[in-house]
Structure formats: structure tokens, C-alpha cells
Amino acid sequence: MHKVLSALLVLSVLLALPAASFAAHGDGQADKAGILVASFGTSMPQARRAIDNLVNAAKTAFPGVEVRLAFTSNIIRRKIASERGEIIPTPVEALARMNDEGFTHVYVMPTHIIPGEEYDEIVNVVEAFSSLKGKYGFRKIAVGKPYLFGVEDCDQMAKVLMARFAKQLRQKDTAIVLMGHGTPEHIANAMYSQLQLSLDRAAYGRFFLGTVEAAPVITDVIAKLKRNRGVKKLVISPLMIVAGDHANNDLAGADDDESWLNLLKKAGYKNITPYLVGLGEDPNIAKGFVERIREMMK
Ligand code: CO
């Protein structure tokens, strides 16, 4: 009885005070929720739209919750800081600042496609912060799942890609070649093969998935394409949130002999159309992003 009364008393005092007046003061701290979007980052302004679209989707879906952005790549952070004076924190920096500003519940949402090395880094940071108790700890800190976290996720991604390339797929002689990033020496790289299975189930012989950093490599993609004699035209596109450096150079770079565009040309494909738009700009991907944040908040 005593406990209930005092809890009610504390509650009424809390409700009477403006939220800001007791931020970051221990016991009486009011709930303050925040979302931290953690991206690898990009230094290309036109590629940035994809990341901003995800940030804005989160802002729209959770109007009362502040949404912040962190980049994991120090090379990119330093480049944009020196080139245009834009300061984007690391996840560690962003979380420390959110702690200082009195956030109590923080939801860290990575923009990664597979739970590879980059994702592990984010999980490490979240685990470190969740082990902090008291003044420097959050009451709750959670990390969201990347897009391809299991079999169902791959089926879902296949659906998104079917819709994304619906127009191109209506042309029966056209195949879609997708460039994933890839994560060498990591079990999560297998998600690309899982996604290929989902794509084959959805539309056999229409999608050919490779990676830039791991397997399948482009020569695997070409060998597989050759076995599909009906394929005459290709659409090449990144399976990445951002159409940045890899998409513009490693995939579609006209001057680079080793780009997929030129290797596919050398393999005999004359009709190749690059589609260099990051997945982050796709409304279905943004919807999935918001769903994963909502899952975390439960
Ligand atoms: Co890379």
C-alpha cells in the first residue's frame, strides 16, 4: 500500500513538472525516447538521399521521437567534415551525447542489408552501452535487425525486388544483375545465396546476384548468365542501401576495365542498362525499416 501511494506521489510530481526540468537527474528522470540510425555513410551528395529517406521515414512514423544519424565509416566522416563542414558522429559519440541529453530509451537501427562485420560492430557498441548502469546508462537500449536476417526476410526482399523491377521484368529477354556488398570470412555472407534462392523461386532465371567484396563474384554471375540463353539485355543495379562509390565505379564505371559493366560487355552483353538508385530510396525498403524499429520498441 505504501509503495503504491509513494509511486502515485512520484508520478503526480513528475507529471506536474515540464519534461526538461528533470532530464538527466537520475531517479526522477522522465522517459525520453530516441532513434539512432546507424549507416556506413556516403560522401556522395546524390547518394545521400537514400540514407536521408530512411531517416525521414522514421521521423514520419514516430513523430514524438527524435531521430538522429551516425556514420560508422571514419574515412567518410572525415571526408565530409573537411569537404563541406558536415559533422556526423560515430555511433559511440552519438550515444554518449544522447545519454548526456537525458535520453532514457534508445533504439539503434542499422541500415545494413546483411548481419555481417559492419553490423557486428554496431551490436558491440549497443552491448557495451547496455552494460553501463546508472548515470551513464540508458534504461533501455536495443538494436534493430538488418534486412536479411533469416529465410523469411529473403522472401520478403525478393518481393520488394520483384516490385522494384516489375517494368524491366515484363521484357522476357531481360535479366536483373544485382551487386551486393559482401562480407568476406563471415557466415552472414551466405544470406546472398539464400536471397538468390528466394529470387529463383519468385522468378527463375531473372535475377543474378553477386557481391563486390566476397562470393558470389562477378565470374560466377557471368557463368550463370551464360547458362540462360534467353537473356539478351541486362539491368545492373546495386543491392545496397546507397548507390555510392561501389555502384558508380565497381558496378557501372565506364572507365574501369574491371567494372561489372565492362566485364559483362566483354562477356558479350551489348545491351546493359545501369539502374543506380540506392535501396534506401525504395518506399518498400523504407517501410521495412520502420517496421523493424517498431519491432524493437515493443
Ligand atoms: Co565497400
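## A guided tour, stop by stop

Begin by selecting D200 and K224, whose side chains meet in a salt bridge with a nitrogen-to-oxygen distance of 3.9 Å. Because D200 lies in helix α8 and K224 in helix α9 (residues 218-226), this pair ties together parts of the chain that are 24 residues apart in sequence. If you colour by accessibility, K224 comes out as partly exposed, with a relative accessible area of 25%. Keep in mind throughout the tour that what you have open is a predicted model.

**Other salt bridges**

A search of the whole structure finds 15 salt bridges, and a few more of them are worth a visit. Side chains of opposite charge can pair when their charged atoms come close.

Select D31 and R139 next, and look for their closest N and O atoms, which are 2.5 Å apart in this salt bridge. D31 sits in the loop between α1 (2-16) and β1 (33-39), while R139 sits in the loop between α5 and β4 (140-143), so the pair ties together parts that are 108 residues apart in sequence. D31 counts as exposed, at 57% relative accessibility, whereas R139 is partly exposed, with a relative accessible area of 47%.

Then select R48, D52, R84 and E86 together, and you will have on screen four residues that are linked in a network of salt bridges.

**The two domains**

Now colour the chain by its domain assignment, which gives domain 1 as 2-146 + 283-297 and domain 2 as 151-240 + 244-277. The contact between them takes 13 residues from domain 1 and 16 residues from domain 2. If you place a marker at the C-alpha centre of domain 1 and another at that of domain 2, the markers will lie 33 Å apart.

How much area do domain 1 and domain 2 bury between them? The value is about 1,000 Å², and 69% of it is on carbon and sulfur atoms. To see where this comes from on the side of domain 1, select M44, I113 and I114, which lose the most area to domain 2 and together account for 45% of what that side buries.

Stay at the interface of domain 1 and domain 2, where 1 salt bridge is found along with 3 residue pairs in polar contact. On the side of domain 1 that touches domain 2, the elements that give two or more residues are α5 (117-130) and α12 (283-297). Of the elements on that side, α12 gives the most, with 3 residues.

Helix α12 also leads to another pair, so select D153 and R292. They form a salt bridge in which the closest N and O atoms are 3.1 Å apart. D153 lies in helix α6 and R292 in helix α12, so the pair ties together parts that are 139 residues apart in sequence. Are these two residues buried or exposed? D153 is buried, and R292 is buried as well.

**The cobalt ion**

Select the cobalt ion and show the side chains around it: the ion is coordinated by the NE2 atoms of H181 and H246, at 2.0 to 2.1 Å. Where along the chain do H181 and H246 lie? H181 is in the loop between β5 (174-180) and α8 (191-202), and H246 is in helix α10 (residues 245-251), which places this pair 65 residues apart and links distant parts of the chain. H181 is partly exposed, with a relative accessible area of 32%, whereas H246 is buried, with a relative accessible area of 19%.

**Two last distances**

Select E152, which has its place in helix α6 (residues 151-164) and is exposed, with a relative accessible area of 68%. Draw a line from its C-alpha atom to that of L195, and the viewer should give 9.7 Å for two residues that are 43 residues apart in sequence.

Finish with R229, in the loop between α9 and β7 (233-238), which is exposed, with a relative accessible area of 73%. The C-alpha atoms of R229 and D173 are separated by 9.1 Å, although these residues are 56 residues apart along the chain.

Key
Residues are numbered from 1 along each chain as its sequence is written. This is a predicted model: local features need pLDDT of at least 70, side-chain atom pairs count only at pLDDT 80 or more; totals for chains, interfaces and linings use all residues. Side-chain values use heavy atoms; hydrogens and water are left out. Donors are N, O and S atoms within 2.8 Å of the metal (3.2 Å for Na, K and Ca); water is not among the atoms, so sites may look incomplete. Helices (H or I, at least four residues) and strands (E, at least two) are DSSP runs, numbered from the N terminus. Buried means under 20% relative accessible area, exposed over 50%, partly exposed in between (1.4 Å probe, protein chains only). Domain bounds come from an automatic or database domain assignment. Contact means heavy atoms within 4.5 Å. Buried area is the accessible area (1.4 Å probe) that two parts lose on being put together, summed over both. A polar contact is a pair of N or O atoms within 3.5 Å; within protein, one must be able to donate a hydrogen and the other to accept it, and residues adjacent in sequence count only if both atoms are side-chain atoms.
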